[in-house]
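Student: Please take a close look at the surroundings of the ligand, and then follow the chain outward from there. I would like the cut-offs spelled out as you go.

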Amino acid sequence: PVPEGYAPKDDNSLPAYLAAVPAVAARLGGGPAGWRVREVGDGNLNLVFIVEGPAGGVAVKQALPYVRLVGESWPLPLSRAHFEQMALATQAKHAPGLVPAVLHYDETLALIVMELLHPHIIMRQGMIKAVRYPGFVNTITDFMARTLFHTSDLALPAAEKKAAIAAFCGNTALCKITEDLIFTEPYMVAENNRWTTPQLDNIAKEIREDGDLKVAVSRLKLKFLSEAQALLHGDLHTGSVMVTQDDTRVIDPEFAFYGPMGFDIGAVIANLLINYFSQDGHATPDDPRGAYQTWVLDCVEGCWNDFRGKFVALWQNGAAGDAYPPALFADAAGTEALKAEQEAYMDRLFQDSLSFAAAKMIRRILGLAHNIDLEWIEDADVRAACETRCLKLARDLMVNTANYRSIEGVTAAARAMR
Ligand code: ADP
Ligand code: MG
Ligand code: MG
Ligand code: MG
């Protein structure tokens, strides 16, 4: 049910509304008659307006009571805006400067006014054109290490952690989208699914009949349902990253909730690998993509290796949580044991991350929501060849995860997938 007072904003009604919010009016400058409004939402779910005035600009994101991509037949609660602004606040606290600043939040309108990222573009768009972003790995690994560490039991006392879990646990409708679209539907006959047909018909059928794979993805689903390890962004693909040559920002955390850390790390790795495989479909004799593919795989390696180093450093410098009580590890033997356990913890997280990456690669090719990295390859045979390589790596990553001892093993397997 849509609350009293809710109505979707449009180009005409937005300026007068924003004029009544002093912080926003001041940022825009001048008066509402001189503000330029454009609806730019390219996502699947929400309205996004860019508003520009003589002094500056803002981005306005408003939830709709349904899934934008599908229409009113698929209702979705407005409360996702509440969880998004709460996540933005938590992320700004732990990873300052890496998310857009929130200027105003209106709970009734499910509307967030935030800092306009300009001249940033969505990273996925740049990657399709083979643009390199030299600062990406450093920033995304900072973002993940800080947000995941500082919201985990390694950093938080138990009561605080449980209160934080409770604050996000109402985001069930968004979690359910993930549960269905990532962990279930690609592995069965479902109306939402689509793939490059007829080229992928056989591999889609093989996946629906692959018992080992279905057990593996169900284990992951169980982990997603039950393991409240840290505050996840929940949708950390390259369409949720906005970039320039020297700035990287993370947007769109409406799927945020307390879940398994490997889900966010896996999302980043998966979307880089999808782009890697897609490049064979964008390469032309005048525009070969081999060197770019090398850069993408360097990013995959950096994302894991730098994340791992940063996360362990945070743990060694400032663990104030109730897990691993310092009193147990104060002596020399304890110090050694804790160090070894930190490495073992990261090894387990690595395995989780690879498995979640695999689930995301598969769902982007066989499920409802596809990536333009692959979708924009016009020749269906060429696209299907890229998709097949991606699916084969994903299947092996999910079922034979333990064979991958390092991220370099993953990138070597990607390179060998021909
Ligand atoms: P959705 O949840 O519907 O996917 P997003 O938060 O991803 O919505 O935003 C959709 C699009 O709006 C983004 O791809 C980006 O182009 C634009 N956008 C979102 N936030 C900002 C911002 N703070 N500054 C500039 N553009 C933005
Ligand atoms: Mg989005
Ligand atoms: Mg979104
Ligand atoms: Mg995904």
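Tutor: What follows starts at the ligand and moves outward through the parts of the chain around it.

This is a predicted model, in which local features need pLDDT of at least 70 and side-chain atom pairs count only at pLDDT 80 or more, while totals for chains, interfaces and linings use all residues. Residues are numbered from 1 along each chain as its sequence is written, and chains are lettered from A and ligands numbered from 1 in the order in which they are written.

The shell around ligand 1 holds 19 residues, of which Gly43, Asn46, Ala59, Leu117 and Asp252 come nearest (a residue belongs to the shell if its C-beta atom, placed from the backbone, lies within 6 Å of the molecule). Two elements, strand 3 (57–62) and strand 7 (111–115), each give two or more residues to this shell (strands are DSSP runs of E with at least two residues and helices are runs of H or I with at least four, numbered from the N terminus). By class, the shell around ligand 1 contains 10 nonpolar, 4 polar and 5 charged residues (Ala, Val, Leu, Ile, Met, Phe, Trp, Tyr, Cys and Pro count as nonpolar, Asp, Glu, Lys and Arg as charged, and the others, Gly among them, as polar).

The protein is divided into domain 1 (14–115) and domain 2 (121–416), with bounds that come from an automatic or database domain assignment. Because both domains give residues to the shell, ligand 1 lies between them. The C-alpha centres of domain 1 and domain 2 are 27 Å apart, and 18 residues of domain 1 are in contact with 22 residues of domain 2 (contact requires C-beta atoms, placed from the backbone, within 7 Å of each other). On the domain 1 side of this contact there are 10 nonpolar, 6 polar and 2 charged residues. A UniProt record, an unreviewed entry, lists residues 37–294 as "domain: Aminoglycoside phosphotransferase"; such annotations may be inferred rather than shown by experiment, and their positions are given here in the numbering of the model. In the model, the end C-alpha atoms of residues 37–294 lie 40 Å apart, and the span is 41% helix and 18% strand.

Strand 7, one of the elements that contribute to the shell, is worth following in detail. Leu111 belongs to strand 7 and counts as buried, because it has 25 C-beta neighbours inside 10 Å (20 or more other C-beta atoms within 10 Å make a residue buried, 12 or fewer exposed, and a count in between partly exposed, with C-beta atoms placed from the backbone). Beyond its neighbours within four places in sequence, Leu111 is in contact with Lys9, Val60, Gln62, Ala81 and Asp106.

Backbone geometry also deserves attention here. Most residues other than glycine have a negative phi, and most peptide bonds are trans. Ala110, in the loop between strand 6 (102–106) and strand 7, has a positive phi near 50 degrees, and it counts as buried because 26 C-beta neighbours lie inside 10 Å. Ala130, in the loop between helix 4 (123–128) and helix 5, likewise has a positive phi, near 65 degrees, but Ala130 is partly exposed, with 18 other C-beta atoms within 10 Å. The peptide bond from His118 to Pro119 is cis, with omega near 5 degrees, and Pro119 sits in the loop between strand 7 and strand 8 (121–122). Another cis bond joins Thr197 and Pro198, with omega about 5 degrees, and Pro198 lies in the loop between helix 7 (172–181) and helix 8 (201–208).

Further along the chain come two helices of domain 2. Helix 10 has 21 residues and reaches 30 Å from its first C-alpha to its last, close to the 30 Å expected at 1.5 Å a residue, the expected span being 1.5 Å times one less than the number of residues. Of those 21 residues, 20 are buried. Helix 11 (residues 290–318), with 29 residues, should span 42 Å, and its end C-alpha atoms are indeed 42 Å apart. Its buried residues, among them Tyr292, Val296, Trp304 and Phe311, pack against helix 5 (136–150), helix 10 (262–282), helix 12 (332–366) and helix 15 (407–416).

Note on methods:
Contact = placed C-beta atoms within 7 Å.
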